[in-house]
Amino acid sequence: MRARELFAPLGPSYDRYARLLSFGQDPAWRRFLVSRIDARADDVVLDVAAGTGAVALELVRQHGCSVVGVDQSPEMLAEARRRIALAAWANRIRLVEASAERLPFDDASFDGLTAAYLLRYLGDLPAGLRELARVLRPGATISLLDFGVPPGPAPRALWNLYVGVGLPTLGRLISPGWHEVGRFLGGSIRDFDGRWPVPRLVGALSDGGFDGVHAKRLSLGGCTVLWGRRA
């Protein structure tokens, strides 16, 4: 709920400042996330925590598939609708307001699933992963992205400095809302990484109904993408 309140007003500026505050890495992370999905033009992929629609648009661009985007924030979905309406392939994307932990779809409804920046906000991560698995057909691919804490001592020290000082300072220069996000993110990422380090996340995906789970750290560990197939 805290994260939803923080991000809800930021839809119109979200993509621009996510790119800026990640030193241009956020779009590359999303492209890699989408590249892990095995989808064809006649497939339907579910994008959970769709936000402003960036991943949904990238899915259509890379794979030519249809996409159903789900987010619990009406404010973010309003921005997603505005962005998607301007795209040449707007008719291939449908948006639904719903919770990731209670998806309003039948079992085995989708041919793939993506989610960017969702894992930290699942109240019960194993149950949340089982819900994601439920709506995927057997053999469908899943790809998940979230922030991480760099494992190396030097990158970790720089990361601590950036999230402790840099993000709040830059956020203050942008707006009060982004200042609050800058203050929130470091602790949120650090807490999640402490409870769910990458090897444990891989195990949770395997336990949650996925085979062949892989994980790749990007940008020295500032982001992690995990992917696998529905068993």
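What follows is a short conversation about two helix pairs and one pocket in a predicted model.

Visitor: Why are α7 and α8 called roughly antiparallel?

Guide: The axes of α7 (residues 153-174) and α8 (residues 176-195) cross at roughly 160° and come within 6 Å; angles over 145 degrees count as roughly antiparallel, and the two helices are therefore described in that way. Their crossing is right-handed.

Visitor: Which residues make the contact of α7 with α8?

Guide: From α7 come W159, N160, V163, L167, P168, G171, R172 and I174, which meet W178, H179, G182, R183, L185, G186, I189 and R190 of α8. Sorted by class, this contact holds 8 nonpolar, 5 polar and 3 charged residues, with Gly counted among the polar ones.

Visitor: What makes α3 oblique to α4?

Guide: These helices pack at an angle of about 55°, with their axes 9 Å apart; because that value lies neither under 35 degrees nor in the range 65 to 115 nor over 145, α3 is oblique to α4. The crossing is right-handed here, and R30, R31, L33, V34 and S35 of α3 meet residues of α4 including A54, V55, E58 and R61.

Visitor: How do you know which residues line the second largest pocket, and which are they?

Guide: A lining residue has an atom within 4 Å of a pocket point, and those of the second largest pocket are D15, R19, D26, P27, R30, R31, A54, L57, E58, R61, R83 and W89. Two or more come from each of α2, α3 and α4, and the lining comprises 8 charged, 4 nonpolar and no polar residues, around a space of about 250 Å³.

Definitions and conventions. Residues are numbered from 1 along each chain as its sequence is written. This is a predicted model: local features need pLDDT of at least 70, side-chain atom pairs count only at pLDDT 80 or more; totals for chains, interfaces and linings use all residues. Side-chain values use heavy atoms; hydrogens and water are left out. Axes are lines fitted to C-alpha atoms, for helices over the stretch in contact, and angles run from 0 to 180 degrees between N-to-C directions. Helices (H or I, at least four residues) and strands (E, at least two) are DSSP runs, numbered from the N terminus. A crossing is left-handed if the near helix is turned anticlockwise from the far one by less than a right angle, and right-handed if clockwise. Contact means heavy atoms within 4.5 Å. On a 1 Å grid over the protein atoms alone, a cavity is a set of points where a 1.4 Å probe fits but cannot get out, and a pocket is an open set with protein on both sides within 12 Å along at least five of seven lines; lining residues have an atom within 4 Å of a point. Grid points are joined across faces, edges and corners, and a volume is the space filled by probe spheres set on the points.
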